[in-house]
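This briefing is meant for a reader who is meeting the structure for the first time. Please keep the sequence and the model in view while reading.

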Amino acid sequence: MPATPPLRDVFVVDDDAFMVATMTAMLARLGEFTVHGYTDARAAFAAIRDRARASDLVILDINMPDIDGLAFFRQLADVGYQGCLALCSGESDAMLRTTAQLARAYGLRVNGSLPKPPSLELLRALLGGCASGAPPHARRRERTQEELLAAIDAGEIFCEYQPKVELAGGTLRGVEALVRWRHEADGVIPPADFIEMAERRGAISPLTRRVFDLAVAQQAAWKRQGLDILVSINASVLDLGDLDFPDFLKRCTARHGVDPAAIVIEVTESGLARDERVLTEVLTRLRLRRFQISIDDFGNGYSTLAKLRDLVFDEIKIDRGFTHGAATYERRAAIFHASVDVGRRLGMKVVAEGVEDRADWDFSRLNGADLAQGNFIARPLGADALVVWHDTWMRRHAAPAEVG
Ligand code: C2E
Ligand code: MG
Ligand code: MG
């Protein structure tokens, strides 16, 4: 990844002229860059929009009369703004946090949130953060259906595996297979860059089938090595609209000599139209064939309570948006508790996804989840690396209380 260039231009955008003057004076003491002050957001946007330079920093007031900060940064994202962004407001911390999350969701590099008026120390820390922060990823290019189908044929699709461990004691229960595409020119492409396209363009079925084939074969290989674990595989809701899907899976597990009960099919819904009757029929048939079914990203998007009313699942995965930070943020904790409760009452295993640190681990363990998955335990790993990780993990955690 290229190094972050030193800051060259700092834009202060605030409708309060006094605030602009104050910050400009403070910034002038902190570094060798040009400070541009704007009280008119439209003029500021016009000045920034065509630059797209990673050496810029925009300090943005989120409450402005003519265009609010939210609209401002959405437009910055639209024009591919590459620089740093700091949000400034007299609003509550919670409001600043929410706004920063939104800006990140738009792919912007948010380096700080500043209360008003910001202190010299906070500004100094902000500038330090901009200097060390990683530049945003190059704008991602959507892949085409033809490219993906060619990649499947060329054997460029592979899986990484992320452990799911018991919160009580740390035993490895299973892994989730996560698809990647090894592209000759662009390196490893993450699923976010091609799954949606594949769903829209009708290319998901060959992809899913390749992933199942790879992951089931891998499970058989681990078993031969003495590692007997569940393997979770993601299915698109479109796969579940395909009446041949259960037969395909049955043939796949039979070919590799794997017990269907050791395969967990993770279902995330998308907004795409689907026939509920076919979905119910396919899921029911999969359960009859003893595959396990998991509802993924629970609480988010379309993985909703209505699904739990109508279909039977073996496992519920609490979305990482509720797990990570649950110990700190009440609203996340409330949804986490509710999800655990519904999972328990319906007799499902509860998995906390996105366990990123010790606080997430402790929170999940103490609040009723059964299993944890996340970077605190391990990032997604290659098949061989998983075996090495497992040996180390077991040695470190021979004493059950010592997990983490
Ligand atoms: P998912 O099924 O919810 O998978 C978990 C995602 O969260 C993975 O991203 C994983 O790398 C990431 N993750 C795990 N632990 C942490 C953590 O502690 N912190 C953070 N921030 N992230 C964590 P990945 O591999 O990029 O996959 C993204 C999504 O793409 C998956 O979300 C799944 O919906 C989809 N996907 C992946 N493989 C397949 C596939 O074979 N078929 C289909 N249809 N979808 C897939
Ligand atoms: Mg999943
Ligand atoms: Mg998930």
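What follows describes a predicted model, beginning with its metal ions and ligand 1 and then turning to an open sheet and one residue of another strand.

**The magnesium ion (ligand 2)**

- The protein donors of the magnesium ion (ligand 2) are Glu 176 through OE, Asn 234 through OD1, Glu 266 through OE and Asp 296 through OD, and they lie 2.0 to 2.3 Å from the ion.
- Along the sequence, the spacing of these donor residues can be written E-x57-N-x31-E-x29-D.
- Distant parts of the chain are linked in this way, since Glu 176 belongs to strand 7 (residues 172-183) and Asp 296 to strand 11 (residues 292-298), with the two positions 120 residues apart.
- Glu 176 has a relative accessibility of 3% and therefore counts as buried, the cut-off for that class being under 20%.
- Asp 296 is likewise buried, because its relative accessible area is 4%.

**The magnesium ion (ligand 3) and the shared donor**

- The magnesium ion (ligand 3) takes its protein donors from Asp 296 (OD), Asp 297 (OD) and Glu 353, the last of which is listed with OE twice, at distances of 2.0 to 2.5 Å.
- The donor residues of the magnesium ion (ligand 3) follow the sequence spacing D-D-x55-E.
- The magnesium ion (ligand 3) and the magnesium ion (ligand 2) are separated by 4.0 Å, and Asp 296 coordinates both of them.
- Asp 297, with a relative accessibility of 22%, counts as partly exposed.

**Ligand 1 and its surroundings**

- There are 21 residues around ligand 1, and of these Glu 176, Asp 296, Arg 320, Glu 356 and Asn 375 come nearest.
- Glu 176, which is also a donor to the magnesium ion (ligand 2), places a polar side-chain atom 2.8 Å from an oxygen atom of ligand 1.
- Asp 297, which is also a donor to the magnesium ion (ligand 3), has an N or O atom in its side chain that lies 3.0 Å from an oxygen atom of ligand 1.
- For Arg 320, the distance between an N or O atom of the side chain and an oxygen atom of ligand 1 is 2.9 Å.

**The open sheet of five strands**

- Five strands form an open sheet in the order 2-1-3-4-5, and their pairing is parallel.
- Strand 2 (34-38) and strand 5 (109-115) are the edge strands of this sheet, each of them pairing on one side only.
- From one strand to the next, the twist averages 15°.
- Strand 1 (residues 9-13) pairs with strand 2 in the parallel sense over five bridges, and Val 12 stands opposite Gly 37 in strand 2.
- Helix 3 (residues 69-78) packs on the sheet, where it touches strand 1, strand 3 (56-61) and strand 4 (84-89), and the direction of helix 3 makes about 155° with that of strand 3.

**Ile 263 in strand 10**

- Ile 263 is found in strand 10, which covers residues 263-268, and counts as buried because its relative accessibility is 0%.
- When neighbours within four places in sequence are left aside, the residues in contact with Ile 263 include Phe 212, Val 216, Val 231, Ile 233, Val 258 and Phe 291, and among them are also Gln 219, Thr 253 and Gln 292.
- Ile 263 and Gly 299 are 36 residues apart along the chain, and their C-alpha atoms are separated by 23 Å.

Conventions
Residues are numbered from 1 along each chain as its sequence is written. Chains are lettered from A and ligands numbered from 1 in the order in which they are written. This is a predicted model: local features need pLDDT of at least 70, side-chain atom pairs count only at pLDDT 80 or more; totals for chains, interfaces and linings use all residues. Side-chain values use heavy atoms; hydrogens and water are left out. Donors are N, O and S atoms within 2.8 Å of the metal (3.2 Å for Na, K and Ca); water is not among the atoms, so sites may look incomplete. Helices (H or I, at least four residues) and strands (E, at least two) are DSSP runs, numbered from the N terminus. Buried means under 20% relative accessible area, exposed over 50%, partly exposed in between (1.4 Å probe, protein chains only). Two strands pair if DSSP finds at least two bridges between them. Axes are lines fitted to C-alpha atoms, for helices over the stretch in contact, and angles run from 0 to 180 degrees between N-to-C directions. Contact means heavy atoms within 4.5 Å. A residue is near a molecule or strand if one of its heavy atoms lies within 4 Å of it. A polar contact is a pair of N or O atoms within 3.5 Å; within protein, one must be able to donate a hydrogen and the other to accept it, and residues adjacent in sequence count only if both atoms are side-chain atoms.
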